[in-house]
Amino acid sequence: MNFLRYLSFRLLGIVIVLLIIAVVTFALFYLLPSDPARLACGRPCTDANLEKVREYMGVDQPWFVQLVEFLKGILFGRTFGSTVTVECDAPCFGYSFLRNASVTDLIAERFPATASIALGAAILFLVTGVLGGLIASLRRNSVIDRGIMVFSIAGISTPVYLAGILVILIIGFTLRWLPTSGYVPFEDSPIEWFSHLILPWVAVAIVSAAVYARLTRSEMLEVMSLDYIRTARAKGLSEGRVIARHGLRTALLPVVTVFGLDLGVLLGGAVITERVFAIPGMGSLLIEAVGAVDIQLIVGLTMFAAFLVVTLNLVIDLVYGLLDPRVRMG
């Protein structure tokens, strides 16, 4: 029962957060001097045609009315126009009149590429970062520890775009081992899919693994000095069991928190990585939408990315109970 209450409150919190994001997003774009109807009006665009386009797109209403229609569209779908209509099936995150396609369809088209980058890179930087931090903490003040920390400082100081350019230059152009750009869907060729994504994974992992290594090291050093660790050793438990079951599980709690945020951001669109490696994902789609002032597409992508972040935060909170019994619910 306690767990169900906790889950209910968290779900309610997600709804409130998404509503706040939706209100702020719509208010901001409503205040912009741009007019999405004029962009879609074509030429010649008379005042009469402009009003018809505004009514057709639904942007002739106040922003809060547009917000209500947007939220209703996510749940029940939406219809644009009266005589000649455009159907947007649920979940409808809006309709891009400049691209003549629903935002949901555009997301579904681009999301696999973004998810491929995000999940592959996340696994790589989480494993290497945590493992590096663990080794550094167990070999404190050794040459290995200093080497890992030097790598971490270098990685944290390196922008993602620079890491991408370096791996392209070294692995792609100099060694000619892997393709440097483009994306091949998994269903078309799993091997080509994998080979095209190795460089983006490495570029993201160079930067992110450094953060996880430093975080894991600092948390492990703190946890391994606590009283309950000394008690576990006094009971005769092996050092490996003390580290794995008592030390690492507790030290991973803040790591999991950061991982959930990072994964949510990557799934929302790895903008820089996609541009460097010419991968048509959601990040590239967002840049294209901003360049074209496609407000419907920008709002839809923003809400979808926000949904991913808050949902992953809920999942991470539920994972806490598996890592540390002290935070287990009910």
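**Exercise 1. Ser102**

Determine whether Ser102 is buried or exposed, and describe its surroundings in this predicted model.

Solution. Step 1: the relative accessible area of Ser102 is 7%. Buried means under 20%, so Ser102 is buried.

Step 2: Ser102 is placed in strand 4.

Step 3: leaving aside residues up to four places away in sequence, Ser102 touches Cys88, Gly94 and Tyr95.

Step 4: a further distance relates Ser102 to Gln296. The two are 194 residues apart in sequence, and their C-alpha atoms are 9.3 Å apart in space.

**Exercise 2. The disulfide**

Find which cysteines form a disulfide, and give the geometry of the link.

Solution. Step 1: the structure holds one disulfide. Its partners are Cys88 and Cys92, with sulfur atoms 2.1 Å apart. The cut-off for a disulfide is 2.5 Å, so the pair of Cys88 and Cys92 qualifies.

Step 2: the angle about the S-S bond is 105°, and the link of Cys88 and Cys92 is right-handed.

Step 3: Cys88 has 2% relative accessibility and is therefore buried. Cys92 has 2% relative accessibility and also counts as buried.

Step 4: Cys88 is one of the residues touched by Ser102, the subject of the previous exercise.

**Exercise 3. Backbone exceptions**

Identify where the peptide bond from Ala90 to Pro91 and the phi angles of Asn100 and Val293 depart from the common pattern.

Solution. Step 1: the common pattern is that most residues other than glycine have a negative phi, and most peptide bonds are trans.

Step 2: the bond from Ala90 to Pro91 is cis, with omega near -5°. Pro91 sits in the loop between strand 2 (86-88) and strand 3.

Step 3: Asn100 is not a glycine, yet its phi is positive at about 55°. Asn100 belongs to the loop between strand 3 and strand 4. Its relative accessible area is 58%, so Asn100 is exposed.

Step 4: Val293 is not a glycine either, and its phi is positive at about 55°. Val293 follows helix 12 and lies in the loop between helix 12 and helix 13 (295-323). With a relative accessible area of 30%, Val293 is partly exposed.

**Exercise 4. An aromatic pair**

Classify the pair of Tyr56 and Phe97, and state which parts of the chain it links.

Solution. Step 1: the count of aromatic pairs comes to twelve. One of them is Tyr56 with Phe97, at 6.0 Å centre to centre and 70° between the planes. Planes over 60 degrees apart count as edge-to-face, so the pair of Tyr56 and Phe97 is edge-to-face.

Step 2: the pair joins distant parts of the chain, 41 residues apart. Tyr56 is in helix 3 (residues 47-57), and Phe97 is in the loop between strand 3 (95-96) and strand 4 (101-102).

Step 3: Tyr56 is partly exposed, because its relative accessibility is 25%. Phe97 is buried, because its relative accessible area is 17%.

Step 4: ring pairs link Tyr56, Phe80, Tyr95 and Phe97 into a cluster. Tyr95 is also among the residues touched by Ser102.

**Exercise 5. Two helices**

Describe the environment of Val255, and list which residues of helix 12 are buried.

Solution. Step 1: Val255 lies in helix 10 (residues 239-268). Its relative accessible area is 1%, so Val255 is buried.

Step 2: not counting residues up to four places away in sequence, Val255 touches Leu126, Val130, Tyr212, Leu215 and Thr216.

Step 3: Val255 and Val15 are 240 residues apart along the chain, and their C-alpha atoms are separated by 26 Å.

Step 4: helix 12 covers residues 282-291, where Met282, Gly283, Ser284, Leu285 and Ala289 are buried. An α-helix has 3.6 residues a turn, so residues three or four places apart point the same way.

**Exercise 6. The whole chain**

Summarise the secondary structure, extent, burial and charge of the protein chain.

Solution. Step 1: the protein chain has 13 helices and four strands, and its C-alpha trace spans about 85 × 60 × 35 Å along the principal axes.

Step 2: of the 330 residues, 43% are buried. The chain exposes about 17,600 Å², with 67% of it supplied by carbon and sulfur atoms.

Step 3: among contacts with a separation of 6 or more, 66% are between residues 24 or more positions apart.

Step 4: there are 25 positive and 24 negative side chains, and the centres of the two sets lie 13 Å apart.

Note on methods:
Residues are numbered from 1 along each chain as its sequence is written. This is a predicted model: local features need pLDDT of at least 70, side-chain atom pairs count only at pLDDT 80 or more; totals for chains, interfaces and linings use all residues. Side-chain values use heavy atoms; hydrogens and water are left out. Buried means under 20% relative accessible area, exposed over 50%, partly exposed in between (1.4 Å probe, protein chains only). Contact means heavy atoms within 4.5 Å. Accessible areas come from the Shrake-Rupley method with a 1.4 Å probe; for residues, only the protein chains shown count as cover. Lys and Arg count as positive and Asp and Glu as negative; His and the chain ends are not counted. The place of a charge is taken as NZ of Lys, CZ of Arg, CG of Asp or CD of Glu. Rings of Phe, Tyr and Trp (its six-membered ring) pair if their centres lie within 6.5 Å; planes under 30 degrees apart count as stacked, over 60 as edge-to-face and the rest as tilted.
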